[in-house]
Every structure is written in C-alpha cells, then in structure tokens.
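Morning, everyone. Let me put the model up, and then we'll go through the ligand site and a few residues away from the helices.

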Amino acid sequence: MVSVRPRTAADLPGCVATLCEVHESDDYPHRWPHDPAGWLTPENTAAAWVAEHENRIVGHVVIVDRVGALWVSRLFVRPQHRGSLVGDSLLRQARIGGASMLDVIEYSTKAIELYERTGWTLVDRRPAEWTMSDGRRPVERIYCADPRSNRLA
Ligand SMILES: CC(C)(COP(=O)(O)OP(=O)(O)OC[C@H]1O[C@@H](n2cnc3c(N)ncnc32)[C@H](O)[C@@H]1OP(=O)(O)O)[C@@H](O)C(=O)NCCC(=O)NCCS
C-alpha cells in the first residue's frame, strides 16, 4: 500500500536515493545536481510530498511559487513502482495543494501521458533555459490545470 504524505527533513536521504535511480533509468534530471537534496527544494518551494511504501520513499513532488502561480515540480516515481497510479496520486496532491501550472521536457513522454490523461491542458511550447550535454536545447511544454483562469499570454 502506497501512502502520500507531507515530506519531512528526515525523508531527504531517501528522496535522493530514489532520485538517483530515476536519474539512471530516465535521465531525469538530465544533469545530476551538485546538491541533490537542495535540488529537491527549489527556491520558493511552497510544499513537498512523498509517496511511501513499506518505509521506503517511492515518489516525490513539490509545488513552487513562481510568477504568481503554484507550479508542480520535481515529480518522480521509483521505476519499480510505476504504472500503479503513484504519479497520479502525487499529481493529485499537488493539485489539491493549489498547483495549477507545470512544465515538462518534450522527451518525457510518460510524464506527458500522465498530464494529458489527468486533464492538464497544453498552453505553450518553448525552448528550455538549459542545454543538454550534447549541446541541444530541449523543448519544454507548459501545461495548465485550468485554462480559463491561467492561460499564458
Ligand atoms: C512520469 C512518472 C512520474 C509517472 O509515474 P507513474 O507512477 O508510473 O504514473 P501513473 O501510474 O499514475 O500513470 C502511468 C501509468 O499508469 C497507467 N494507468 C493509468 N490508469 C491506470 C489504472 N486505473 N490502473 C492501473 N494503471 C493505470 C497508465 O496507463 C500508465 O501506464 P504505462 O506507464 O504503462 O503507460 C514516472 O514515469 C517518472 O518518474 N518518470 C521519470 C521522471 C519524470 O519524467 N518526471 C516528470 C518531470 S516533468
């Protein structure tokens, strides 16, 4: 049974261990951060949750206050626990927490399927602010939970 609950400071080592598995299997994040625990708490983080299974962190999400809206960020699920709605539950929790926006790199097809299946609307595509190790600049998609109130200009 997987439960979703608020993240505590004591969860960070487990979150980093799971992030490491995700980085190796999915190239997320593309570059391994110098300070992975810090990366899990971006500037203006408003709340963070973990998914836990038998005392092990199997998923993670935060919401970040950016340009007047709450954005979903740092969403990931341990590879062995995918396909059983852990990502869906974390995304739902972020939505309950007030998140209405998110961005995703266009090659993250599993994440895009999840967002589109759960009713998020594509509102923009733009080049990412960072380049990949081969020099290419990926395309980022912006999704909105409520296009009537949050559509980007
Ligand atoms: C994107 C990600 C978080 C999705 O996590 P997840 O826990 O597998 O997501 P869910 O289980 O909620 O949904 C995905 C799967 O559940 C399946 N599913 C949907 N409804 C279902 C249901 N009622 N019962 C069972 N399975 C269902 C979907 O078909 C999908 O299956 P597939 O992966 O075989 O195509 C995960 O793939 C991940 O961590 N990716 C790497 C990191 C990343 O890209 N993060 C996003 C950054 S923007």
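H4 gives the most to the shell around the ligand, with six residues. This is a predicted model, so local features need pLDDT of at least 70, side-chain atom pairs count only at pLDDT 80 or more, and totals for chains, interfaces and linings use all residues. Residues are numbered from 1 along each chain as its sequence is written, and side-chain values use heavy atoms, with hydrogens and water left out.

Back to the shell. A residue is near the ligand if one of its heavy atoms lies within 4 Å of it. There are 22 residues around the ligand, and those that come nearest are Leu-75, Val-77, Leu-85, Gly-87 and Arg-117. By class, the shell has eleven nonpolar, four polar and seven charged residues. The classes are simple: Ala, Val, Leu, Ile, Met, Phe, Trp, Tyr, Cys and Pro are nonpolar, Asp, Glu, Lys and Arg are charged, and the others, Gly among them, are polar.

Now the polar contacts. I mean a pair of N or O atoms within 3.5 Å; within protein, one must be able to donate a hydrogen and the other to accept it, and residues adjacent in sequence count only if both atoms are side-chain atoms. Which backbone atoms does the ligand reach? One ligand oxygen atom is 2.8 Å from a polar backbone atom of Val-77. For Asp-88, again a polar backbone atom, the distance to a ligand oxygen is 2.9 Å. Lys-110 uses its side chain: an N or O atom there is 3.0 Å from an oxygen atom of the ligand.

How much of the ligand does the protein bury? Taken alone, the ligand exposes 960 Å², and the protein buries 72% of that. Those areas come from the Shrake-Rupley method with a 1.4 Å probe; for residues, only the protein chains shown count as cover.

Which elements build the shell? Those giving two or more residues are helix H1 (12-26), strand S4 (69-77), helix H3 (86-96), strand S5 (101-105) and helix H4 (109-117). Helices (H or I, at least four residues) and strands (E, at least two) are DSSP runs, numbered from the N terminus.

Next, some residues one by one. Buried means under 20% relative accessible area, exposed over 50%, partly exposed in between, with a 1.4 Å probe and protein chains only.

Start with His-60, in strand S3. Buried or exposed? His-60 counts as buried because its relative accessibility is 0%. Its side chain reaches the backbone oxygen of Arg-74 at 2.9 Å.

Asp-11 sits in the loop between strand S1 (3-6) and H1. Asp-11 is buried too, with a relative accessible area of 8%. The Asp-11 side chain makes a polar contact with the side chain of Arg-5, at 2.8 Å.

On to backbone geometry. Most residues other than glycine have a negative phi, and most peptide bonds are trans. Here are the exceptions I want you to look at. Tyr-28 and Pro-29 are joined by a cis peptide bond, with omega about -5°. Pro-29 is in the loop between H1 and helix H2 (36-39).

Asn-55 has a positive phi, near 65°. Find Asn-55 in the loop between strand S2 (45-53) and S3. Asn-55 is exposed, because its relative accessible area is 74%.

Val-67 also has a positive phi, near 40°. Its place is the loop between S3 and S4. At 80% relative accessibility, Val-67 counts as exposed. Gly-68 is found in the loop between strand S3 (56-66) and S4. Gly-68 counts as exposed, at 79% relative accessibility. From Gly-68 to Ala-48 is 20 residues in sequence and 18 Å in space, C-alpha to C-alpha.

Two acidic residues to finish. Glu-106 is in the loop between S5 and H4. With a relative accessible area of 28%, Glu-106 is partly exposed. The C-alpha atoms of Glu-106 and Arg-126 are separated by 9.9 Å, with the two residues 20 apart along the chain.

Asp-103 is in strand S5. At 24% relative accessibility, Asp-103 counts as partly exposed. Asp-103 and Val-58 are 45 residues apart in sequence and 22 Å apart in space, C-alpha to C-alpha.
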